[in-house]
Amino acid sequence: MTISIGMAGAGQFAPGFLRLFMAHPDVHDVRLTDVVPERATEMAQRLGITTTYPSYDDLLASDVDAVAIFTQRWLHGEMTIQALRAGKHVYSAVPMAIDPETRDVIQTIYIR
């Protein structure tokens, strides 16, 4: 079984991760969106990505299996919850929270 991944964010970290996702044997399709659609289109053309979306909402409305979030870190929590509610698997480039007592990263969130 393979999956499709839609990346949100076409900034400085995106090219390296897009190449990794594209090279992964269990990923059959990589798609892209950015708050500046032209930036997503340019990066997609440069890397050979065939599908871009004009907005994050459009990406979430698609049949993509998973979403990788590479936007500003303060947006990751809300975007992750939105993606989970849309039924997507999520890869967030930053931790969701840190336990204030142990300083451990909280890696799992549950959505009802």
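## Core, pocket and Asp 34

The largest nonpolar core has 17 residues, and those touching the most other members are Met 7, Leu 18, Phe 21, Leu 32 and Met 43. At least two residues of this core come from each of strand 1 (3–8), helix 1 (14–23), strand 2 (27–33), helix 2 (37–47) and strand 4 (66–69). Helix 2 gives the largest share, four residues. A second core lies apart from this one. That core has ten residues, including Leu 59, Leu 60, Val 67 and Met 79. The model is predicted.

Which residues does Phe 21 contact, leaving aside neighbours within four places in sequence? They are Ile 5, Met 7, Val 27, Val 30, Ala 68 and Phe 70. In soluble globular proteins, nonpolar side chains tend to be buried together.

Next, the pocket. The largest pocket has a volume of about 480 Å³. Its lining counts 23 residues, and Gly 9, Asp 34, Phe 70, Thr 71 and Gln 72 are the closest to its centre. By class, twelve lining residues are nonpolar, eight polar and three charged.

Asp 34 sits in the loop between strand 2 and helix 2. Is Asp 34 buried or exposed? Asp 34 counts as buried because its relative accessibility is 8%, and buried means under 20%. Its side chain reaches two backbone nitrogens, as tabulated.

| Side chain | Backbone nitrogen | Distance |
|---|---|---|
| Asp 34 | Ala 10 | 2.6 Å |
| Asp 34 | Val 36 | 2.8 Å |

Not counting residues up to four places away in sequence, Asp 34 touches Gly 9, Ala 10, Gly 11, Arg 39, Ala 40, Tyr 53 and Pro 54.

Key
Residues are numbered from 1 along each chain as its sequence is written. This is a predicted model: local features need pLDDT of at least 70, side-chain atom pairs count only at pLDDT 80 or more; totals for chains, interfaces and linings use all residues. Side-chain values use heavy atoms; hydrogens and water are left out. A nonpolar core is a set of buried Ala, Val, Leu, Ile, Met, Phe, Trp, Tyr and Cys residues joined through side-chain atoms within 4.5 Å. Buried means under 20% relative accessible area, exposed over 50%, partly exposed in between (1.4 Å probe, protein chains only). Contact means heavy atoms within 4.5 Å. On a 1 Å grid over the protein atoms alone, a cavity is a set of points where a 1.4 Å probe fits but cannot get out, and a pocket is an open set with protein on both sides within 12 Å along at least five of seven lines; lining residues have an atom within 4 Å of a point. Grid points are joined across faces, edges and corners, and a volume is the space filled by probe spheres set on the points. Ala, Val, Leu, Ile, Met, Phe, Trp, Tyr, Cys and Pro count as nonpolar, Asp, Glu, Lys and Arg as charged, and the others, Gly among them, as polar. A polar contact is a pair of N or O atoms within 3.5 Å; within protein, one must be able to donate a hydrogen and the other to accept it, and residues adjacent in sequence count only if both atoms are side-chain atoms.
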